[in-house]
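Colleague: I am new to this model. Please show it, and then explain how its terms are applied.

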Amino acid sequence: MPSHIKVENNVVVQCLSYLPEIHDGDWREAIEINPNCIPNRQMIGAHTFDLTKSPVEITWEVIDISVEERKQQLQSNLKFNTKEFIDNEIKKEFDGDHADITLIQDTITWYHQKVIEIDEMQTHTELDTYMLEN
């Protein structure tokens with residue numbers, strides 16, 4: 001979808017998805033050049049404007065996600081979900097029911113095993129397999 005940008009002193013100062021009714025100044029049509037990112041291995045970063053082209057091209061940076069970053073994210077998600085599960089089990093004590101202490105202990109043990117399992121992974125392929133299986 002085309003956008004419109006306003007340029008002042010060879011710098012983009014405004015970018016809109018439409019051309020405003022009152023469009024004084026140097027307004028130019030622009031198009032986005034969207035990169036193909038590898039899921040879970042790359043993400044879109046900052047953008048730049050190529051003012052030498054007509055229409056102006058808005059290009060997006062591709063940022064590689066390291067194995068370590070992915071491992072940290074997986075472990076963070078695992079921690080959040082495990083904590084939420086345990087909190088819900090403990091909440092039973094405050095709602096007049098009884099928490100299953102054995103289930104809580106088993107869940108904590110399971111959590112620590114998963115953290116170690118993730119930490120031992122060295123490649124994106126290993127992480128992809130883990131994500132598919134869990």
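Modeller: Ala, Val, Leu, Ile, Met, Phe, Trp, Tyr, Cys and Pro count as nonpolar, Asp, Glu, Lys and Arg as charged, and the others, Gly among them, as polar. The lining of the largest pocket thus divides into seven nonpolar, five polar and one charged residues. This is a predicted model: local features need pLDDT of at least 70, side-chain atom pairs count only at pLDDT 80 or more, and totals for chains, interfaces and linings use all residues. Residues are numbered from 1 along each chain as its sequence is written, and side-chain values use heavy atoms, leaving out hydrogens and water.

Colleague: What makes a residue part of the lining of a pocket?

Modeller: A pocket is an open set of points on a 1 Å grid over the protein atoms alone, where a 1.4 Å probe fits, with protein on both sides within 12 Å along at least five of seven lines; a lining residue has an atom within 4 Å of a point. Here 13 residues qualify, and L78, N81, W110, Y130 and N134 lie nearest the centre. α1 gives the largest share, six residues.

Colleague: Why is strand β1 called largely enclosed?

Modeller: Buried means under 20% relative accessible area, exposed over 50% (1.4 Å probe, protein chains only). Five of the six residues of β1 (a DSSP run of E, at least two residues) are buried, so the rest of the structure largely encloses it.

Colleague: How do you know that β1 and β2 pair?

Modeller: Pairing needs at least two DSSP bridges. β1 and β2 have five, in the antiparallel sense, and I5 stands opposite C15 in β2.

Key: Helix = DSSP H or I, 4+ residues; strand = E, 2+ residues; numbered from the N terminus.
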